Amino acid sequence: LDWTSKPLKRPFLSHLQGKKDPIRCFEYIQLFMTDKPSKIRKDYQWVHDLVQHGLMQNSLRDEIYLLVCKQLTKNPTSKYVTQKLQLICLRGARGKPLTQLEMDRAIEAPFKPSVFGEPLSLVMSLQHDNPMKIPVVLTFLTHAIIQLKGYETEGIFRVPGDTDEVNELSWLRDLPDPLVPNQYYDLFLQHSQNLTQLIQVVQELPDCNRRILLYLIHFIQGFLNPPVVEMTLMNLYNLSMVLAPTFLRCPHQQLNMVFMCSHLEQVCLKNWLTYFIVHPHSCLLGVHATVTLNSAVDLPLNPSFIESSNGFTVEYFNYYKIITNLVSLKTYCVVLPGVRETPADCTSTSMVLSTAKKMAVMGDIHEVIPFIELLGIHEDMTHIENNQLVSSPCSFNKSNSPETADIFFSNQQEGLNGIKYKASWLLYLAAFFDKEYAALSIYTQIVDRYECHKYNVGSTTIHRNIAWTSFDPLLQSYTIHNETYYQQLSEDAALHFVRPNTGSKTVYQATMDTDLQVLANQLQSTQYIVDTSDISVNYTTWFSTARQAFNPVSDIEKKLYKVSPAFDVGHVYSVQGLIGSTQSGK
């Protein structure tokens with residue numbers, strides 16, 4: 001228990017071994033006491049974080065006390081040993097005197113192990129003489145909420161109460177491991193719309209966790225009775241929003257990921273509360289905790305809504321979802337397997353289909369293939385039109401009959417031309433295959449990495465020039481792209497976007513010397529050229545068609561054209577793989 005300036009190697013208390021929170025709390029204490037150097041003083045934030053850990057996790061409080069004692073023992077800076085302790089003696093450790101109940105508990109604590117902040121296995125072992133198969137404290141707390149007029153309390157579970165009372169009723173959130181173990185979290189979110197799968201995943205939970213979950217679902221369902229809702233003003237949506245984090249504790253640390261997952265957590269809890277019929281006696285004492293679906297409920301829940309500024313929306317209801325493509329102005333109603341009735345919201349203007357299993361890629365929409373491979377559903381592709389143009393080893397041999405597919409992706413029919421520009425279209429495709437959660441995780445990683453690289457390259461002081469081109473072999477013409485997408489992409493990479501001069505054309509005929517001169521002049525200052533031609537265009541064709549402009553050799557050519565630095569140092573690239581590694585000057 002001696003002071004140290006080094007990081008904490010392991011917690012003092014045995015039940016916290018392997019946990020990261022004690023290590024983090026010790027770091028806060030060191031930072032506040034200036035035992036650890038920091039360029040920025042954030043006294044308030046460090047104290048706030050330390051107190052927050054203690055309030056939310058009872059099991060950490062004794063550990064924090066020991067950590068403070070450690071840094072006060074033989075501390076070379078005596079002011080923390082004298083002034084701070086004198087202040088505590090004058091005002092009290094918490095700023096208010098202890099209640100008799102608190103003092104009694106402190107006296108009894110060493111002889112009565114706490115059920116707060118302890119693993120379920122330990123809690124259940126403390127009641128081995130009791131036949132009840134869920135923690136007794138849980139039944140005590142739920143009964144206390146009812147006895148304390150919880151059915152009549154406005155904002156129940158939402159409006160904060162007295163701090164001490166809140167701490168008394170925070171048993172679930174104090175569990176060191178979440179009620180739904182982390183290995184089941186993804187499954188629940190992935191099947192949040194599929195009632196049959198939801199029940200199956202619930203049945204796979206560890207016995208104690210499953211019994212507690214179902215017992216609490218039955219308990220909360222009591223607050224959905226209309227007379228109770230009138231008193232509490234807490235409807236299904238409010239309860240799901242407030243309580244979902246208690247049932248499904250997001251394992252992710254990134255705030256944007258936590259925010260996105262919260263939507264599916266709420267959908268999952270809504271479906272539990274609406275469709276599960278729980279037999280509470282089986283949860284407490286039965287051999288098996290049983291749950292069935294409430295087939296009498298056929299009204300849709302308040303829809304969950306995903307809005308995207310990238311060209312599509314997805315509305316989620318209880319057994320179907322409505323996908324709207326804002327580019328093609330088409331609407332699709334995707335219903336769960338086994339649902340025979342057409343939902344009322346699925347009008348004659350929308351296509352009604354079950355969750356897709358097989359797909360075909362038609363026309364020139366090969367840009368969708370990387371998205372399909374990211375979702376891990378490329379094995380479900382039965383046909384790719386013009387598959388000879390596909391270089392991916394995962395997808396190049398898909399040439400079965402397109403008639404075997406459940407869904408067709410086509411540039412003309414679907415309006416998917418935005419796919420090549422927007423990573424968020426991954427979420428659109430995923431909605432047809434019940435892969436939203438997987439897509440959300442992938443998309444978040446893409447965005448995070450893109451923003452990270454954008455930030456890193458943004459700090460450079462060197463801004464090289466880049467141009468985006470393409471070649472049409474049929475028309476024998478080159479294009480220098482001027483689209484906002486390419487400009488934004490270039491600027492995010494700390495590159496200067498080379499575009500045609502104002503008033504100049506963007507398409508240049510290779511058969512016209514005047515056009516080639518303009519093309520060469522436009523590319524003269526570029527250090528990098530990225531070409532977006534179709535994969536059927538090889539480098540030899542692309543380069544040789546305008547060879548005199550790209551690589552002038554004779555005196556006349558050198559007089560007419562000046563070679564671009566990009567060609568001079570070989571910085572010419574392709575997004576379609578048209579440039580081979582065995583070719584020189586690419």
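These are my notebook entries on what I looked up in this predicted model.

**Entry 1: the whole chain**

I started with the big picture. The protein chain has 586 residues, and 43% of them count as buried. I then checked the secondary structure, which comes to 26 helices and 16 strands. The surface was next on my list: the chain exposes about 31900 Å², and carbon and sulfur atoms supply 56% of that. I also looked at contacts between residues with a separation of 6 or more. Of these, 62% join residues 24 or more positions apart.

**Entry 2: Phe471**

Which strand holds Phe471? I found Phe471 in β11, which covers residues 465–472. Is this residue buried or exposed? Its relative accessibility is 5%, and buried means under 20%, so Phe471 counts as buried.

I wanted to know what Phe471 touches, so I left aside its neighbours within four places in sequence. Its contacts include Gln476, Ser477 and Tyr478, and also Asp531, Ser533, Val537, Thr541, Trp542 and Thr545. I looked up Tyr508 too: C-alpha to C-alpha, Phe471 and Tyr508 are 9.6 Å apart in space, with their positions 37 residues apart in sequence.

**Entry 3: one face of a helix**

Helix α11 runs over residues 195–204, and I listed its buried residues: Leu195, Leu198, Ile199, Val201 and Val202. Where do they sit around the helix? Looking down the axis of α11, I see them fall within an arc of 165°, so they line one face of the helix. The general rule helps me here: an α-helix has 3.6 residues a turn, so residues three or four places apart point the same way.

**Entry 4: two positive phi angles**

I went looking for positive phi values in residues other than glycine. Leu233 has one, near 60°. Leu233 lies in the loop between α13 (226–232) and α14 (236–247), and with a relative accessible area of 45% it is partly exposed.

Ala494 also has a positive phi, about 60°, although it is not a glycine. I found Ala494 in the loop between α21 (484–492) and β13 (496–497). At 8% relative accessibility, Ala494 counts as buried.

**Entry 5: salt bridges**

How many salt bridges does the structure hold? I noted eight. The general idea is that side chains of opposite charge can pair when their charged atoms come close.

- Arg24 and Asp21 meet through their side chains at 2.8 Å, N to O. They are three residues apart in helix α1 (residues 21–32), which means about one helical turn separates them. Arg24 is partly exposed at 32% relative accessibility, and Asp21 is partly exposed at 21%.
- Lys36 and Glu27 form a salt bridge as well, at 2.8 Å, N to O. Lys36 counts as partly exposed at 30% relative accessibility, and Glu27 counts as partly exposed at 30%.
- Lys505 pairs with Asp515, and their closest N and O atoms are 2.6 Å apart. Lys505 is in the loop between β13 and β14 (507–509), while Asp515 is in helix α22 (residues 513–522), and the two are 10 residues apart. I checked both for cover: Lys505 is partly exposed, with a relative accessible area of 42%, but Asp515 is buried, with 4%.

My last note is on a network: salt bridges that share partners join Asp207, Arg210 and Arg211 into one.

Key. Residues numbered from 1 in each chain as written. Predicted model: local features only at pLDDT ≥ 70, side-chain atom pairs only at ≥ 80, totals over all residues. Heavy atoms only, no water. Helix = DSSP H or I, 4+ residues; strand = E, 2+ residues; numbered from the N terminus. Buried < 20%, exposed > 50% of the residue type's maximum accessible area, 1.4 Å probe, protein only. Contact = heavy atoms within 4.5 Å. Arc of directions from axis to C-beta. Areas by Shrake-Rupley, 256 points an atom, 1.4 Å probe, with all protein chains shown as cover. Salt bridge = Lys/Arg side-chain N within 4 Å of Asp/Glu carboxyl O.
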